[in-house]
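Subject: Structure handover

Hello,

The structure we discussed is below, with its sequence. My notes come after it.

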Amino acid sequence: MLERWLKTRAESKDYITNKIKIAVLDDSENNKIIESNIDAISKIKSNYPGQIFYIGKEKKIKFSDEIKGILEKSVPKSVVRFSLNLEKRCFDAVKTGGNRNSFTLLTAGFSACSNDDDLEYKVYSKNECSPEKFIFSENYTSEAVYYPDMKTLNDNVHECSDFSVINKFKDIDLSNSNFKNNESFTKSLSTITPYTAMLLEKDQLTIRTASSGYCGGRWHSNPYFPLLRGRSNIIYNPDNFKNYEKIKTNGFNIVSPESFVVDYSDFFMGGTFWINNRDLTPPCFPLGRREDSNLGMLIHRCLEPGLSLHMPYALYHNSLEKKPFPKEYFNDISLDSGVYTSLVLDKYSSILISDNGEGKIRELGFRIMELGKLGIQEFEEQLKLLQLGYLTKTMNHINYLFDLYNGEPSWWAEDMERYHKLLEKEALKDDSVVPRELRVYDTKEEALSVFKDYLYRCGEMIYWWPDIWEAARQLNMEGRGLLNLED
């Protein structure tokens, strides 16, 4: 996978012309995969004019020690290591977010671009490849179109071989708050919202992130996700049963807006994103699920008014990396740890009273630590309230779609009825409050204790994150960052 990822970038004129530095952050613990990744880098870097760095576990450990050397004694060493996924895992799901935190600390003090390893550098768009319109939104959500197979998808999207995601990211001055004099962002002010207008007038409008979407294989982990998007303009030819069956298992899609969208909702596509990391950026939960949406929530709620720019372009998401959903996935609608962490963040980040980003991040961390200190029974009650709220909201949405589309077509209605019944059943089960991955434990109490401890450690990480980020920024400014560590 890595070799294909590297090849499409190292052979791209965007990367070659700009001599983009590439850092491969490897969180694998499999020696064969590690060796394969190092071999791929060696093979590609010999013909690439820029620098390619490999950053594995050993360098991350060294860097965490360097960070701890700057921090006050009050910051536990275990917190730094936990944030980079260097501690013993609380449970098997904990993985990807630690690499995102490595990226954030690697680039602290700069702006940088992050790419998932299953996204090739091939650019696609839903319509023409030069949309100029900008829309200002307060509640943007993904705009996905689903297709029954890759041929149909390829026939209905446009490859934008001349468009440079890298150069577009470079053109965006992410630290410039003076949008009134920025031609790119004033081309379509007819859609500007009152809140955005106020920020614009006060010169407080700041873009913290910019991102492109996905084109190809599915990126969602819930097989019901496309079906909950509704029929109109979302699912390709939904009245064709064969197409419908393929769509709900394969999930082939392109997700990106029709034009450039500037917004401050919690929505965030993290597959390919550029981030203004010159100022404090929140951490990711070191978790393999929902780390994108959780990061988006933290950025938009803790760094207000930090906005995101969603680009009408998508990078190729190799469909071979995402196998079709097996049938059993349609009967397991239990909440995983990623959904629960999103619900926890949503609850506690909506009541922050601090007046600056650092204060809000610390306040949020403190509140989550307090949740993790609860007794098992109180903790279970809190999770149950979050779970019931989530399940009820989903059931209400299903009812809304039924009314909107009059229960047609029949096969979609049957799937939605089945999903509704599964949600009802899940709400009534005694042990359903336990996150899906933790149901391997012998007792509900043991599983909840593990998750409670995990959330406490996440809260601890968030609380100390401003200090950790600042220490990393200082190391980077002194030339002692991750890229400078010797093997």
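The notes below cover charged pairs, a few single residues, and some helices and strands.

Please keep in mind that this is a predicted model.

**Salt bridges**

The count comes to 25 salt bridges. Side chains of opposite charge can pair when their charged atoms come close. Three pairs and one network are described here.

Arg362 and Glu358 form a salt bridge, with N and O 3.1 Å apart. Both residues belong to helix α13 (residues 357–372), where they sit 4 residues apart, about one turn of the helix. An α-helix has 3.6 residues a turn, so residues three or four places apart point the same way. Arg362 counts as buried because its relative accessible area is 18%, under the 20% cut-off. Glu358, with a relative accessible area of 39%, is partly exposed.

Glu370 pairs with Lys373, and the closest N and O atoms of this salt bridge are 3.3 Å apart. Glu370 is partly exposed at 33% relative accessibility, while Lys373 is exposed, with a relative accessible area of 54%.

The third pair is Lys429 with Glu426, a salt bridge at 3.5 Å from N to O. Here Lys429 is partly exposed, at 32% relative accessibility, and Glu426 is buried, at 5%.

Finally, a network of salt bridges links Glu245, Lys248, Asp415 and Arg418.

**A buried arginine without a salt bridge**

What does Arg9 have around it, given that it is buried yet has no salt bridge? Arg9 is part of helix α1 (residues 2–10). The nearest side chain of opposite charge is that of Glu120, 7.5 Å away. A salt bridge requires the nitrogen and oxygen to be within 4 Å, so this pair does not qualify. The side chain of Arg9 does make a polar contact of 3.1 Å with the side chain of Asn115. Beyond its neighbours within four places in sequence, Arg9 is in contact with Tyr15, Asn115, Leu119, Glu120, Tyr121 and Leu315.

**Two more single residues**

Asp65 lies in helix α4 (residues 57–70) and is partly exposed, at 33% relative accessibility. Its contacts, leaving aside neighbours within four places in sequence, are Lys77 and Arg81. The C-alpha atoms of Asp65 and Val80 are 8.5 Å apart, with the two positions 15 residues apart along the chain counted from one to the other.

Gln387 is in helix α14 (residues 376–405). Its relative accessibility is 0%, so Gln387 counts as buried. The side chains of Gln387 and Ser432 share a polar contact of 3.0 Å. Not counting residues up to four places away in sequence, Gln387 touches Leu335, Tyr340, Glu426, Ser432 and Val433. Glu426 in that list is the salt-bridge partner of Lys429.

**Helix α10**

Helix α10 spans residues 241–250, and its buried residues are Asn243, Tyr244, Ile247, Lys248 and Asn250. These buried residues pack against β6 (144–146) and α15 (410–428). Lys248 also belongs to the salt-bridge network mentioned above.

At the N-terminal end, Asn240 caps α10, with a side-chain oxygen 3.0 Å from the backbone nitrogen of Lys242. Just after the helix, Gly251 has a positive phi of about 70 degrees.

**Strands**

Strand β1 (residues 22–25) runs parallel to strand β2 (residues 52–55), and 4 bridges join them. Within this pairing, Val24 has Tyr54 of β2 as its bridge partner. Together with helix α3 (residues 31–45), β1 and β2 make a right-handed β-α-β unit.

Strand β10 (residues 260–263) pairs with two strands covered here. With strand β5 (residues 134–137) the pairing is parallel, over 4 bridges, and Ile135 is bridged to Val261 of β10. With strand β12 (residues 306–317) the pairing is antiparallel, over 3 bridges, and Val262 has Leu309 of β12 as its bridge partner.

Which residues cover the two faces of β10, and are they buried or exposed? Phe260 and Val262 lie on one side, Val261 and Asp263 on the other, and all are buried. In a regular strand the side chains alternate between the two faces of the sheet.

Regards

Key. Residues are numbered from 1 along each chain as its sequence is written. This is a predicted model: local features need pLDDT of at least 70, side-chain atom pairs count only at pLDDT 80 or more; totals for chains, interfaces and linings use all residues. Side-chain values use heavy atoms; hydrogens and water are left out. Buried means under 20% relative accessible area, exposed over 50%, partly exposed in between (1.4 Å probe, protein chains only). Lys and Arg count as positive and Asp and Glu as negative; His and the chain ends are not counted. A polar contact is a pair of N or O atoms within 3.5 Å; within protein, one must be able to donate a hydrogen and the other to accept it, and residues adjacent in sequence count only if both atoms are side-chain atoms. Contact means heavy atoms within 4.5 Å. Two strands pair if DSSP finds at least two bridges between them. A crossover is right-handed if, with the strands pointing away from the viewer, the path from the first strand over the helix to the second runs clockwise.
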